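Visitor: I'd like a quick walk through this one before I set anything up. Can you show me the model and take my questions?

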Amino acid sequence: MPQYDPVAKKVYVNLQDKNIFAVIDPSTDEVVGRYAVGQCRGNHGMALDAEHRRAFLSCEENDLMTVLNLETNQPIAFLPMASGADVIKLMQG
């Protein structure tokens, strides 16, 4: 599920079969970056915290949540998740 970042004005997409986080410039429809997601395998679900420049990826093949720094496009944390989780959502409020 692609996610739009209103701060960076970019679209983020998980390339699950390649363990890659891709960045697209929607003004040109060009892929402007492809980044490895570290220990994450099968990055499927994604939630954004654009204000704090973080993406949270659900890694369904190894039950991790990866926290990605959107300034550097690098993983900064890997946390255990429930087995089989493939969707992730941030709660606001």
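**Sheet, cores and a crosslink**

Guide: Sure. This is a predicted model, and a good place to start is an open sheet of 4 strands, ordered S1-S2-S3-S4 with antiparallel pairing.

Visitor: Which strands sit at the edges of that sheet?

Guide: An edge strand is one that pairs on one side only. Going by the order S1-S2-S3-S4, the twist from one strand to the next averages 30°. The edge strands are S1 (3-5) and S4 (30-36).

Visitor: How many bridges join S2 to S3?

Guide: S2 covers residues 10-15 and S3 covers residues 20-25, and the two run antiparallel. Within this pairing, Val13 stands opposite Ala22 in S3. The number of bridges joining S2 to S3 is 5.

Visitor: On to the nonpolar side chains: which strand gives the most to the largest core?

Guide: In soluble globular proteins, nonpolar side chains tend to be buried together. The largest nonpolar core here has 13 residues, and Tyr12, Phe21, Met46, Leu48, Ala55 and Leu70 touch the most other members. S3, S5, S6 and S7 each supply at least two residues. The top contributor, with 3 residues, is S6.

Visitor: How many residues are in the second core?

Guide: That core is separate from the largest one. Its members include Ala47, Phe56, Val67 and Ile88. The residue count for this second core is 5.

Visitor: Is the disulfide between Cys40 and Cys59 left-handed or right-handed?

Guide: The sulfurs of Cys40 and Cys59 are 2.0 Å apart, and the disulfide count comes to 1. Cys40 is in the loop between S4 and S5 while Cys59 is in strand S6, so to speak distant parts of the chain, 19 residues apart. Both cysteines, Cys40 and Cys59, are buried. The torsion about their S-S bond is about -110°, so the disulfide is left-handed.

Visitor: Any odd backbone angles? What is phi of Asn73 near?

Guide: Most residues other than glycine have a negative phi. Asn73, in the loop between S7 and strand S8 (74-80), has a positive value instead. Asn73 is also buried, with a relative accessible area of 10%. Its phi is near 60°.

Visitor: And where is Arg53, which has a positive phi too?

Guide: Arg53 is not a glycine, yet its phi is positive at about 60°. Arg53 has a relative accessible area of 10%, which is under the 20% cut-off, so it counts as buried. Arg53 is found in the loop between S5 (43-49) and S6 (54-59).

Visitor: Is Asn69 buried or exposed?

Guide: Asn69 belongs to strand S7, residues 64-69. Beyond its neighbours within four places in sequence, Asn69 is in contact with Arg53, Arg54, Gln74 and Ile76. Its relative accessible area is 14%, and under 20% is the cut-off, so Asn69 is buried.

Visitor: Last one: which residue's backbone nitrogen does the Asn69 side chain reach?

Guide: Here the pair joins a side chain to a backbone atom. The distance is 2.6 Å, inside the 3.5 Å limit for a polar contact. The backbone nitrogen reached is that of Glu71.

Terms used: Residues are numbered from 1 along each chain as its sequence is written. This is a predicted model: local features need pLDDT of at least 70, side-chain atom pairs count only at pLDDT 80 or more; totals for chains, interfaces and linings use all residues. Side-chain values use heavy atoms; hydrogens and water are left out. Buried means under 20% relative accessible area, exposed over 50%, partly exposed in between (1.4 Å probe, protein chains only). A polar contact is a pair of N or O atoms within 3.5 Å; within protein, one must be able to donate a hydrogen and the other to accept it, and residues adjacent in sequence count only if both atoms are side-chain atoms. Contact means heavy atoms within 4.5 Å. Two strands pair if DSSP finds at least two bridges between them. Axes are lines fitted to C-alpha atoms, for helices over the stretch in contact, and angles run from 0 to 180 degrees between N-to-C directions. A nonpolar core is a set of buried Ala, Val, Leu, Ile, Met, Phe, Trp, Tyr and Cys residues joined through side-chain atoms within 4.5 Å. A disulfide is a pair of cysteine sulfur atoms within 2.5 Å.
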